[in-house]
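Trainee: Got a minute to go through this one with me? I'd like to start with the domains and then wander around.

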Amino acid sequence: MLTFIQQLLNGLTIGSFYAFVALGYSLIYAILKLINFAHGDLFGLGAYVGYTVFVYAFGVIGGALGLWGLLAVGFAAAALATAGAGLVIERVAYRPIYPIGRLPAVVSALGMAIFLSNLIMAVWGPRYLAYQESFIPTGFWQIGEFRIRILQVLILVSALVLLGILYFVVEKTTFGAAIRAAALDRETAALMGIDFLKVIRFAFAMGPALGAIAGVFVGMYYRQINFTMGWVYGLKAFTATIMGGIGNIPGAMVGGILLGLLEAMTAGYISAAWKDVFVFAALMLMLIFRPTGLLGEKVAEKV
Amino acid sequence: MLLKVDNVSVSYGAVEALKAVSLAVSGAEIVAVLGANGAGKTTLLKAISGLVPIKSGSILYDGQKLHELPAHVIARLGVVHIPEGRKVFATLTVEENLNLGGYGCAKEEVQKAKARVFQLFPVLKERRRQLAGTLSGGEQQMLAIGRGLMRSPKLMLLDEPSLGLAPLLVDQVFATILQINKDGVPILLVEQNARKALSIANQAYILEVGRIVLAGAARELAADERVRQAYLGGVTYERRLRAKESRATGNTPDPRG
């Protein structure tokens with residue numbers, strides 16, 4: 001029982017990371033039918049920006065703001081910087097080639113992914129960097145044999161709140177309806193007075209910002225980051241996106257959480273070495289039996 | 001003159017869809033553009049609303065050069081284009097579709113406009129939480145028109161509103177168009193149903209393979225021998241036309257409305 005609860009908590013935590021990143025894939029896919037392969041590396045970039053801000057800001061403002069103030073500054077900086085990078089990538093790597101078709105955009109996305117991970121390596125070096133304890137909430141609650149880390153609670157609450165806000169914006173507001181309309185039919189959306197570029201910019205700022213937050217959390221949770229992390233998490237989160245139903249916002253969240261749980265349970269009951277096997281086997285089963293994903297796009301078109 | 005289309009040409013690659021087309025809409029009239037499939041009617045409306053770029057010529061609306069503006073800006077000027085095939089957002093609710101019709105307008109205005117639309121089409125009020133894709137063809141057309149009315153249009157571009165609808169519904173749609181026009185909205189109407197269109201229009205143009213071949217007062221055109229032969233060729237012709245329409249869209253007229 002203890003293993004189960006512990007792994008449940010771990011799974012939800014890891015699943016939150018995937019959900020954060022998966023949302024970025026799904027949001028951009030929904031609008032442009034483009035798989036932004038650079039998204040994973042934007043998540044990595046976020047982790048590095050967060051790291052740098054923590055290291056340098058700790059000396060300057062660390063004492064004045066305390067741990068929580070420092071965290072707020074670090075997260076905000078990482079989210080803003082990565083959102084900016086997302087917008088630049090859209091402008092430089094995608095917008096000039098939208099008219100040519102979707103395949104060139106995918107190639108451009110892969111190129112951007114390679115560029116970004118190499119940029120991170122060139123700037124911060126190829127070795128692992130350690131997130132130091134001085135800027136990680138290390139407290140925990142001990143309930144009998146069971147231990148809850150404050151960091152895990154922070155991650156889960158952030159995921160719940162931020163993803164909840166995004167869900168609300170996309171599903172319940174008129175701007176969200178405009179995003180969904182533009183995703184369905186760009187021409188007719190323009191006839192409604194919807195500026196498609198604005199919708200694209202929202203996706204390319206929001207997705208990477210959420211990814212960056214996940215990146216910083218991953219750094220805190222595992223205490224170390226590496227320039228290849230973007231590719232690894234990007235691939236997993238992409239799997240989560242497919243499993244939840246690509247282009248579907250709640251689907252990305254559900255897919256991410258499920259994937260996290262699957263990994264944690266495999267690690268807890270079988271062996272950590274097997275977790276990728278189970279994850280990708282689940283992906284294959286999903287593709288065979290329900291290719292549109294768990295919450296695949298609803299089809300209400302009347303012919 | 002509210003809208004002045006002057007010598008406009010549009011090409012899709014090597015195909016010239018519009019060749020030096022000129023027309024005008026003034027005051028609060030209904031102007032009909034008639035023509036067969038592929039004559040360029042839809043292209044003309046798309047050129048006005050900014051969905052396709054023009055190669056030469058100019059489109060002036062209320063003194064502004066529409067051909068230099070992107071589609072979403074043109075929409076916000078009050079030039080409302082209700083596209084062919086209705087194009088409601090199928091996976092959005094009826095109410096969300098309507099709200100988008102007034103996208104960018106003040107909240108109170110949207111609420112007021114929505115109340116007006118619900119009054120005009122009570123069925124939309126009943127079904128406002130339903131996904132638009134689950135509506136019948138007739139209801140979708142009402143939604144498309146209602147969505148267009150959300151912005152208090154200053155000029156309405158209507159593309160084939162009768163397409164794929166049962167005759168009874170066609171009458172209803174045309175009555176609605178007339179009512180909207182009576183409320184002061186000038187309308188540029190594109191139709192294959194020439195008889196119906198001429199019966200409500202003030203002015204009419206006839207488009208053949210990208211060129212205006214005939215223009216004048218709707219009543220005169222309805223009496224013109226060439227028009228009668230080509231576009232109003234009696235019951236059999238109309239029947240054939242309707243059969244062709246349903247083949248083209250894959251729609252059979254929906255008896256439920």
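**Domains, sheet and helices**

Mentor: Sure: the centres of domain 1 and domain 2 of chain B, taken over C-alpha atoms, are 22 Å apart. This is a predicted model, where local features need pLDDT of at least 70, side-chain atom pairs count only at pLDDT 80 or more, and totals for chains, interfaces and linings use all residues. Residues are numbered from 1 along each chain as its sequence is written, while chains are lettered from A and ligands numbered from 1 in the order in which they are written.

Trainee: And where do the domains of chain B run?

Mentor: Domain 1 is 1-78 + 153-211 and domain 2 is 87-151; such bounds come from an automatic or database domain assignment.

Trainee: How many residues does each domain of chain B put into the contact?

Mentor: Domain 1 of chain B gives 11 residues and domain 2 of chain B gives 8 residues. Contact here is two residues with C-beta atoms, placed from the backbone, within 7 Å.

Trainee: Which helix gives the most to the domain 1 side in chain B?

Mentor: Helix H7 (residues 167-182) of chain B, with 4 residues. Helices (H or I, at least four residues) and strands (E, at least two) are DSSP runs numbered from the N terminus. By class, that side of domain 1 of chain B has 7 nonpolar, 3 polar and 1 charged residues. Nonpolar covers Ala, Val, Leu, Ile, Met, Phe, Trp, Tyr, Cys and Pro, charged covers Asp, Glu, Lys and Arg, and the others, Gly among them, are polar.

Trainee: Switching to the sheet in chain B: what's the strand order?

Mentor: S2-S1-S4-S5, an open sheet of 4 strands with antiparallel pairing. Two strands pair if DSSP finds at least two bridges between them. Strand S2 (15-25) and S5 of chain B are at the edges with a single partner strand each, so one side of each has no neighbour in the sheet.

Trainee: How many bridges join S1(B) to S2(B)?

Mentor: 7 bridges, running antiparallel, and B:Leu3 stands opposite B:Val25 in S2(B). S1 (residues 3-12) of chain B also pairs with S4 (residues 56-61) of chain B over 5 bridges, with B:Ser9 opposite B:Ser56.

Trainee: What's between S4(B) and S5(B)?

Mentor: A hairpin turn of 2 residues, where B:Asp62 has a positive phi of about 55°. B:Tyr61 stands opposite B:Gln64 in S5(B).

Trainee: Which helix lies across S1, S2 and S4 of chain B?

Mentor: Helix H1 (residues 41-49) of chain B, at about 70° to S2(B). Axes are lines fitted to C-alpha atoms, for helices over the stretch in contact, and angles run from 0 to 180 degrees between N-to-C directions.

Trainee: On to chain A. How do H1(A) and H7(A) cross?

Mentor: The axes of H1(A) and helix H7 (residues 196-222) of chain A come within 9 Å and cross at roughly 165°. That makes H1(A) roughly antiparallel to H7(A), a label for angles over 145 degrees (under 35 is roughly parallel, 65 to 115 roughly perpendicular, the rest oblique). Their contact has 20 nonpolar, 4 polar and no charged residues.

Trainee: And H1(A) with H9(A), at what angle?

Mentor: Helix H1 (residues 2-32) and helix H9 (residues 249-269) of chain A pack at about 145°, with axes 6 Å apart.

Trainee: Last one: how many residues of chain B are in contact with chain A?

Mentor: 23 residues of chain B, against 20 residues of chain A. Helix H2 (71-76) and helix H3 (94-101) of chain B each supply at least two residues of that side of chain B.
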